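Please open the structure in a viewer and keep the selection panel at hand. The stops below are meant to be visited in order.

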Amino acid sequence: MAEAETLTGSEYVAHHLRQLASGQPRGLFDFSVVHYDTLAFSLLMVALLLIVLRAAAKRATAGVPGRFQALIEWWVEIVDEQTKAVVPVDRTYAAPLALTVFFWVTLMNAIDLLPVDLIPDVAKWFGIDHFRPLATADVNAPLGMALGVLVLSLYYGLKVKGLFGFVKDLFIAPFGQVHVSWNPLTWVAAPLLALANFGMNIIEYVSKTFSMGMRLFGNMYAGELLFFLLALLGGAIVLNSAHDVLVGLVLAVGQAVLGTVWALFHILIILIQAFIFMMLTLVYIGQAQESHAAH
């Protein structure tokens, strides 16, 4: 909050959007640069998740469950039902994966509910000038998770269909195949249609992965910016209070109301985005197991 008083609005936002990185990235995607803050909070949240879920499993009882156990069991049942609906063949690890993804993304998103200056100010105690804790607002984290889903989709596709069936599906879907006959036109049409199918499948894999990551990133980035703007309003309150008490009071009430409304609405966004990411994970794994050989 105090920082917003000494910096202009654009400088304040730009400062908070900078990552604790190993170097200056050259372009949007630079694999030689590591964002230490994104990596740290991603691992911290998954560690917290595993600790909490392990504690819940150890305290689980066969009798009347407590509130926390009942909540976990209720959500496990929901995830299990969703998994059965969209994953047709191999569901061995799909439900635990979906449950982990939902809670992990929820915890990472929930960092946005903390005061925007809290963690950066704590980082300054250790001599760190830039620290951005919201991992899902860094495009690298959502796209990295989406790439992980792509790898799992390819793995399950190969596991369920086998290498021959997987490769065959790449060349016969989505447009089908031409049955070669004595007609010379079929000799030309068959490889052309197979190439078109292959191209469409590659485009589908790339577009699904990119859109999955960018959807989560875009929503969380926009929410983060709104919290920065509300923090700037707090700086304006301090500046105006020195000159006009009434204006400062109006700004203070406005920040309190707007901040509360946006925080409550953002809780819904946090849960919805986590649920969408979980469902897309299940849907893409389920689609990878579907065979088009019969079509």
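The tour visits two helices, a loop and a pocket.

The model is predicted: local features need pLDDT of at least 70, side-chain atom pairs count only at pLDDT 80 or more, and totals for chains, interfaces and linings use all residues. Residues are numbered from 1 along each chain as its sequence is written, and side-chain values use heavy atoms, with hydrogens and water left out.

**Helix α4.** Select residues 67–86, which form α4 (helices are DSSP runs of H or I, at least four residues, numbered from the N terminus). Next, colour Gln-69, Ile-72, Trp-75, Val-79 and Thr-83, the buried residues of this helix (under 20% relative accessible area, 1.4 Å probe, protein chains only). Viewed down the axis of α4, the buried residues fall within an arc of 135 degrees (taken from the directions from the helix axis to the C-beta atoms), so they line one face. The face turned away from them carries Arg-67, Glu-77, Glu-81, Lys-84 and Ala-85, which are exposed (over 50%).

**Helix α7.** Select residues 140–172. Where does α7 bend? The bend, of about 110 degrees, is at Gly-162 (the angle between axes fitted to the seven residues ending there and the seven starting there).

**The loop after α7.** Move to Pro-174, in the loop between α7 and α8. The peptide bond from Ala-173 to Pro-174 is cis, with omega near 10 degrees. Most peptide bonds are trans.

**The lining of the largest pocket.** Finally, display α3 (36–58), α5 (94–110), α7 and α8 (184–241), each of which supplies at least two lining residues (a pocket is an open set of points on a 1 Å grid over the protein atoms alone, where a 1.4 Å probe fits, with protein on both sides within 12 Å along at least five of seven lines; lining residues have an atom within 4 Å of a point). The largest share, six residues, comes from α7.

Technical notes
Expected span 1.5 Å × (residues − 1).
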